[in-house]
Amino acid sequence: AIEKVYDEMDEVLKGNQPAVLKRYKFEPLEKLIDSINSALSRIPDLKQESDKVVQASDSEQQIIDSLLAPIQMLVSRGLSPMMLLNMEGRVIAMNSPFEELTGIHMDSAMQQSMADVARDEAFASMISDMMGKAVALGMQGATEDYEFAAGLHQVSCIAVFSLPEKVEAYLFAIEKEAGEAHG
């Protein structure tokens, strides 16, 4: 009988039934079931709580989108080569100077990983490594030198966080090394 009460209590906690049923004519067990039902009724509605979590994640996504939208706009209008990757490393924004420098075309790169679109495996590997370093370095970001056809450039990456330790995107900016001749 006690095992059956335990099983029913588990079903109530899972939200599969409203209360533990009184099926027994044993007074101490009835008092125990009353106490269990009283305690279970004080637990916030588990189904309602899971609905709230879904709503929270929807509004969380709106906040993340609001965070990334201005960055995407700045990337697309930037004068120096820039790219924005989402947390999975897929391209969500890049600009014409980035396209010209890397040979990666915007129309084929959107929502694709760098490994799939980069013309140079070493570049894709460096981008991947920099994403990991950028997370560890926080606001400092990661910087690497890379030799493009147009000469030596400094590639910088900063992780965009929505919460501490929750990366939403990676912003890359590239500039020609100061020691290199322009043009």
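# A tour around helix 7 and its sheet

Begin by selecting G138, which sits just after helix 7 and takes a positive phi of about 60 degrees; keep in mind throughout that the model is predicted.

From there, step back along the chain and select helix 7 itself, residues 121-137. If you place a distance between its end C-alpha atoms, you should read 24 Å, and this agrees with the 24 Å that the 17 residues of helix 7 should span at 1.5 Å a residue. Next, colour F123, A124, M126, I127, M130, M131 and A134, which are the buried residues in helix 7. They cover an arc of only 155 degrees around the axis, and therefore lie on the same side of helix 7. Turn the view to the face directed away from that buried side, and you will find the exposed residues E121 and A136.

At the N-terminal end of helix 7, select D120 together with A122: D120 caps this end, with a side-chain oxygen lying 3.0 Å from the backbone nitrogen of A122.

What covers the buried residues of helix 7? To see the cover, show strand 1, helix 4 (96-102), helix 6 (114-117), strand 3, strand 4 and strand 5, all of which are included in it. Helix 7 lies across strand 1, strand 3, strand 4 (151-163) and strand 5 (166-176), and its direction makes an angle of about 165 degrees with that of strand 3.

Now hide the helices and look at the sheet, an open one in which five strands follow the order 2-1-5-4-3 with antiparallel pairing. Its edges are strand 2 (91-94) and strand 3 (142-148), each of which pairs on one side only. Looking along the sheet, note that neighbouring strands are turned against each other by 20 degrees on average, direction ignored.

Zoom in on strand 1 (residues 82-86), which pairs with strand 2 in the antiparallel sense over three bridges. Select L85 and then V91, its bridge partner in strand 2; then select L84, which stands opposite A93 in strand 2. These two strands form a hairpin with four residues between them, and in the turn G89 has a positive phi of about 85 degrees.

From G89, move to S113: leaving aside residues up to four places away in sequence, S113 touches G89 and R90. S113 belongs to the loop between helix 5 (106-109) and helix 6. Is S113 buried or exposed? It is buried, because its relative accessible area is 17%, which is under the 20% limit.

Stay in the loop between helix 5 and helix 6, and select Q111, which is also found there. The phi of Q111 is near 65 degrees, a positive value in a residue other than glycine. Most residues other than glycine have a negative phi, so this is a place to pause over the backbone. Q111 is partly exposed, with a relative accessible area of 43%.

For the last stop, return to the sheet and select L152, whose place is in strand 4. L152 is partly exposed, since its relative accessible area of 24% falls between the 20% and 50% limits. Add A178 to the selection: although the two residues are 26 residues apart along the chain, the C-alpha atoms of L152 and A178 are separated by 9.3 Å.

Notes: Residues numbered from 1 in each chain as written. Predicted model: local features only at pLDDT ≥ 70, side-chain atom pairs only at ≥ 80, totals over all residues. Heavy atoms only, no water. Pairing = 2+ DSSP bridges. Axes fitted to C-alpha atoms, helices over the stretch in contact; angles between N-to-C directions. Contact = heavy atoms within 4.5 Å. Expected span 1.5 Å × (residues − 1). Buried < 20%, exposed > 50% of the residue type's maximum accessible area, 1.4 Å probe, protein only. Arc of directions from axis to C-beta. Polar contact = N/O pair within 3.5 Å; in protein donor to acceptor, adjacent residues only side chain to side chain.
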